[in-house]
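Biologist: Please take a close look at a single part of this model and describe how it sits within the rest of the chain.

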Amino acid sequence: MSTTKKKTKRCPCGNTNISRFCHKCSKYKLVFLLINDQGKEFSAKTGRLANPARYNFVKDNKLSVQEVAYKMLERFKKTTKESTLLANSRKIIIYSNPNGQPLLNMDV
Ligand SMILES: [Zn+2]
């Protein structure tokens, strides 16, 4: 609990705090491959229901994909919504957010 006021670090696009994820600046995108349609989320991009996606925190962009996967999974365990998604998934896939290349494929 610091009393010094720090300027909030923003991600490169200026939109958000780097301790948060950003659809533009996060380096990795994690997609839950759900066992069934339950839990699918509306995608603003396509206008359809899709497998849910989550982005890494911008401050973790410097980490390797394995480290980010681990941190994201640890984060998900603490939230009801994401731990339910995880329980309803057969795999998670991590993509490079800038170019959509799959980087890591994990059974869960
Ligand atoms: Zn950003």
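**Helix 1 in its setting**

Modeller: Read along the sequence, the protein chain runs in the order β-β-β-β-α-α-β-β. This is a predicted model, and its secondary structure amounts to two helices and six strands. The C-alpha trace spans about 50 × 30 × 25 Å along its principal axes. Of the 108 residues in the protein chain, 20% count as buried. Among contacts with a separation of 6 or more, 53% are between residues 24 or more positions apart.

The part chosen for the close look is helix 1, which covers residues 65–77. Its length can be checked by a short calculation: at 1.5 Å a residue, taken over one less than the number of residues, the 13 residues of helix 1 should span 18 Å. The end C-alpha atoms of helix 1 are 18 Å apart, so the model agrees with the expected value.

Which residues of helix 1 are buried? They are V68, M72 and F76. Viewed down the axis of helix 1, these buried residues fall within an arc of 70 degrees, and therefore they line one face of the helix. The face turned away from that buried side carries exposed residues, namely Q66, E67, Y70, E74 and K77.

The buried residues also connect helix 1 to other elements: they pack against strand 1 (28–34), strand 4 (53–55) and helix 2 (80–87). In the β-β-β-β-α-α-β-β pattern, the partners of this buried face thus include two strands and a helix, with V68, M72 and F76 as the residues on the helix 1 side.

Technical notes: Residues are numbered from 1 along each chain as its sequence is written. This is a predicted model: local features need pLDDT of at least 70, side-chain atom pairs count only at pLDDT 80 or more; totals for chains, interfaces and linings use all residues. Helices (H or I, at least four residues) and strands (E, at least two) are DSSP runs, numbered from the N terminus. A residue is buried if 20 or more other C-beta atoms lie within 10 Å of its own, exposed if 12 or fewer, and partly exposed in between; C-beta atoms are placed from the backbone. Two residues are in contact if their C-beta atoms, placed from the backbone, lie within 7 Å. The arc is that of the directions from the helix axis to the C-beta atoms.
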